[in-house]
Amino acid sequence: MPVTVDPADGSSINEIGNVYLTFESNVSKSYSAESKVKVIEGSLQDGVPVGTETMGSADQWFVITSGNKAQIFPADYDGFITPIKLEADKDYFFIVEAGAFRPTSEYVYNKQIVVHYSNREGGVSLVETAGIYAVKSADAVTVYVGENAANVAVYSAAGSLVKSATNVNGEITFDGFAKGLYIINVKAGKTIKSIKVVM
């Protein structure tokens, strides 16, 4: 986990531009660090960020490391910073998946990092999570479980099993959902989480 995040806890902001993470020791990024960064507009359910991925008008993520600091920012295809605007009274979760950074002296990668942003007073906070999050689209939900061997089950609001998968590592996408409320149960080791998703 990073020692500090800038913008700092308690800051008031209206966009996500440069995000600086400071670690205890020097870090390097993994070859896939950029693909491990996401912003989700949504909510936190039982410690699990759930919502829709957003990039605003940005095209990609840039990740730069120097010493014990990492700079992460949304950019256009030319590499210019393109901030993601935060709408009033909405919550956003800046997620860096596990495995994006490692101390240069070790081969142990970071755990999931989640920073909560909102366009309100004191709208920045570092969030402790279970390393699980869900991103929904029109008729699909992708559940990210990190490197855990997880069992994932999707139930209808009536409690009927709709879809399931066992020994999931990384992520799994379930699609073909009709409109309605679904409950996703994720069991990874001793961690059990329930996520409500409205399609």
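This report walks through the strands, cores, salt bridges and ring pairs of the structure above.

The model is predicted, so local features need pLDDT of at least 70 and side-chain atom pairs count only at pLDDT 80 or more, while totals for chains, interfaces and linings use all residues. Residues are numbered from 1 along each chain as its sequence is written, and side-chain values use heavy atoms, with hydrogens and water left out.

## Strands and how they pair

Let us begin with the strands. Strands here are DSSP runs (E, at least two residues), numbered from the N terminus. Two strands pair if DSSP finds at least two bridges between them.

Which strands make up the open sheet, and in what order? Four strands form it in the order S1-S3-S8-S7, with antiparallel pairing. Strand S1 (4–6) and S7 stand at the edges with a single partner strand each, so one side of each is left without a neighbour in the sheet. From one strand to the next, the twist averages 15°; such angles run from 0 to 180 degrees between N-to-C directions, with axes fitted to C-alpha atoms. Within this sheet, seven bridges join S7 to S8, and Ile-64 stands opposite Gln-71 in S8.

Strand S5 (37–45) is another good place to look. Five bridges join S5 to S10, and the two run antiparallel; Val-37 has Val-96 as its bridge partner in S10. S5 is also joined to strand S6 (residues 48–53) by six bridges, again antiparallel, and Leu-44 stands opposite Pro-49 in S6. S5 and S6 form a hairpin with two residues between them, and Asp-46 in the turn has a positive phi of about 55°.

In general, strands of a sheet pair through backbone hydrogen bonds, either parallel or antiparallel.

## The nonpolar cores

Now for the inside. A nonpolar core is a set of buried Ala, Val, Leu, Ile, Met, Phe, Trp, Tyr and Cys residues joined through side-chain atoms within 4.5 Å. Buried means under 20% relative accessible area, exposed over 50%, and partly exposed in between (1.4 Å probe, protein chains only).

The largest nonpolar core has 27 residues, and those with the most contacts inside it are Leu-21, Ile-72, Phe-94, Phe-101 and Tyr-117. Strands that each supply at least two residues of this core include S3 (19–22), S8 (69–75) and S12 (113–118). Apart from it lies another core, of 21 residues, among them Ala-134, Val-141, Ile-195 and Met-199.

What does Phe-94 touch? Its contacts (heavy atoms within 4.5 Å) include Val-37, Trp-61, Ile-72 and Tyr-117, not counting residues up to four places away in sequence.

Val-198 lies in strand S18 (residues 191–198). By the same kind of count, Val-198 touches Lys-136, Gly-180 and Leu-181. Val-198 and Ser-105 are 93 residues apart in sequence and 44 Å apart in space, C-alpha to C-alpha.

## Salt bridges

A salt bridge is a side-chain nitrogen of Lys or Arg within 4 Å of a carboxyl oxygen of Asp or Glu. How many are there in the whole structure? A search finds five salt bridges, including the ones in this table.

| Residue pair | Closest N to O distance |
|---|---|
| Lys-38 and Glu-97 | 3.3 Å |
| Lys-90 and Glu-41 | 3.3 Å |
| Glu-87 and Lys-90 | 3.1 Å |

Lys-38 lies in strand S5 and Glu-97 in the loop between S10 and strand S11 (101–103), so this pair ties together parts that are 59 residues apart in sequence. Lys-38 is buried, with a relative accessible area of 8%, and Glu-97 is buried at 16%.

Glu-41, Glu-87 and Lys-90 are linked in a network of salt bridges. Lys-90 is partly exposed at 29% relative accessibility, as are Glu-41 at 26% and Glu-87 at 42%.

## Aromatic pairs

Rings of Phe, Tyr and Trp (its six-membered ring) pair if their centres lie within 6.5 Å; planes under 30 degrees apart count as stacked, over 60 as edge-to-face and the rest as tilted. By this rule the structure has six aromatic pairs.

Phe-23 and Phe-101 form a tilted pair, 5.5 Å centre to centre with 50° between the planes. Their positions are 78 residues apart in the chain, and both residues are buried. Phe-62 and Phe-73 form a stacked pair, 5.3 Å centre to centre with 15° between the planes. Phe-62 lies in strand S7 and Phe-73 in strand S8, so this pair ties together parts that are eleven residues apart in sequence. Finally, ring pairs link Trp-61, Phe-94 and Tyr-117 into a cluster.
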